[in-house]
Amino acid sequence: MKQIIQCQLNGKPTELLIDTRQSLLEALRENGLTGTKEGCSVGECGACTVLIDDIPINACISLAVRAEGTSIRTIEGEAVAGELSPVQQAYVDAGAVQCGFCTPGLVMKTTALIEDLKNEDSTSPCNLSRDDIRREHAGNLCRCTGYQHIVDAAINAVNAAQK
Ligand code: FES
Ligand code: FES
């Protein structure tokens with residue numbers, strides 16, 4: 001059954017035509033937002049990570065109809081006026097992108113982590129270790145990079161955000 005849902009999509013009030021049996025990933029991609037990638041389709045690889053009300057979720061195992069009334073953020077909303085977001089730029093600067101299939105999901109996951117740290121009621125900077133980053137990224141798989149540059153990118157982005 002087709003249905004229109006209303007949501008904020010990358011900050012804009014949006015009506016999305018969806019099928020009620022469809023995953024959010026399918027609905028986003030059918031509506032032209034193909035930056036969010038489909039890897040495993042069963043919630044294991046994180047390629048489809050988007051933020052719902054600023055919380056990272058796997059869009060492949062979330063029903064589109066449940067996004068009614070939420071704020072959805074996808075990779076398409078991160079660059080502003082042609083300028084990469086600080087997290088996107090950190091991934092580029094660290095050489096953390098090879099085929100790029102995992103990158104949108106990882107950028108969204110890192111973005112949510114940084115926003116979480118900013119929202120924490122703390123005046124002292126939070127020094128995350130490389131293992132902390134690996135734990136935060138545990139649901140996001142990369143088949144190319146060996147992860148070292150991804151961890152570099154995330155650490156650099158976290159540190160830059162706290163200056
Ligand atoms: S495509 Fe969603 S977790 Fe793999
Ligand atoms: S860069 Fe290819 S899967 Fe991560």
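**Entry 1: nonpolar cores**

I looked up the nonpolar cores first, and the largest has 25 residues. Within this core I find the most contacts at Val87, Tyr91, Leu113, Leu128, Ile133, Ile150 and Val158. Two or more of its residues come from each of α2 (86-93), α3 (103-119) and α5 (148-161). I also noted a second, separate core, which has 18 residues, among them Leu16, Leu25, Ala27 and Ile52. I keep in mind that the model is predicted. In soluble globular proteins, nonpolar side chains tend to be buried together.

**Entry 2: Ile150 and helix α5**

I took Ile150 next, as one of the core residues with the most contacts. Leaving out residues up to four places away in sequence, I list Tyr91, Ala96, Cys102, Leu106, His137, Cys142 and Thr145 as what Ile150 touches.

Which residues of α5 are buried? I find Ile150, Val151, Ala153, Ala154, Ile155, Ala157 and Val158. The cover over these buried residues includes α2, α3 and α4 (130-136).

I then checked the length of α5. Its 14 residues, at 1.5 Å a residue, should span 20 Å. The C-alpha atoms at its ends are 20 Å apart, so the expected span and the model agree.

**Entry 3: cysteines**

I searched for disulfides and the count is zero. I looked up the accessibility of two cysteines as well. Cys99 has 58% relative accessibility, so I enter Cys99 as exposed, the cut-off being over 50%. Cys144 has 31%, so I enter Cys144 as partly exposed.

**Entry 4: Ser85**

Where does Ser85 lie? I place Ser85 in the loop between β5 (71-73) and α2. Is Ser85 buried or exposed? Its relative accessibility is 8%, and therefore I count Ser85 as buried, the limit being under 20%. Not counting residues up to four places away in sequence, Ser85 touches Glu78 and Ala79.

**Entry 5: salt bridges**

How many salt bridges does a search of the whole structure find? I get seven, and I wrote up three of them.

I began with Asp19 and Arg21, whose side chains meet in a salt bridge at 3.1 Å, N to O. Asp19 is buried, with a relative accessible area of 13%, whereas Arg21 is exposed at 66% relative accessibility.

I next looked at Arg73 and Glu115, whose side chains meet in a salt bridge at 2.9 Å, N to O. This pair links distant parts of the chain, 42 residues apart, with Arg73 in strand β5 and Glu115 in helix α3. Arg73 has a relative accessible area of 15% and is therefore buried. Glu115 has 26% relative accessibility and counts as partly exposed.

I also traced a network of salt bridges that links Asp54, Arg73, Glu78 and Glu115. One of its members, Glu78, I had already noted as a residue that Ser85 touches.

The third pair I looked up is Asp132 and Arg135, with the closest N and O atoms of this salt bridge 2.8 Å apart. Both residues lie in helix α4, three residues apart, about one turn of the helix. An α-helix has 3.6 residues a turn, so residues three or four places apart point the same way. I have Asp132 as partly exposed, with a relative accessible area of 23%, and Arg135 as exposed, with 57%.

How values were computed. Residues numbered from 1 in each chain as written. Chains lettered and ligands numbered in written order. Predicted model: local features only at pLDDT ≥ 70, side-chain atom pairs only at ≥ 80, totals over all residues. Heavy atoms only, no water. Core = buried A, V, L, I, M, F, W, Y, C linked by side-chain atoms within 4.5 Å. Buried < 20%, exposed > 50% of the residue type's maximum accessible area, 1.4 Å probe, protein only. Helix = DSSP H or I, 4+ residues; strand = E, 2+ residues; numbered from the N terminus. Contact = heavy atoms within 4.5 Å. Disulfide = S-S within 2.5 Å. Expected span 1.5 Å × (residues − 1). Salt bridge = Lys/Arg side-chain N within 4 Å of Asp/Glu carboxyl O.
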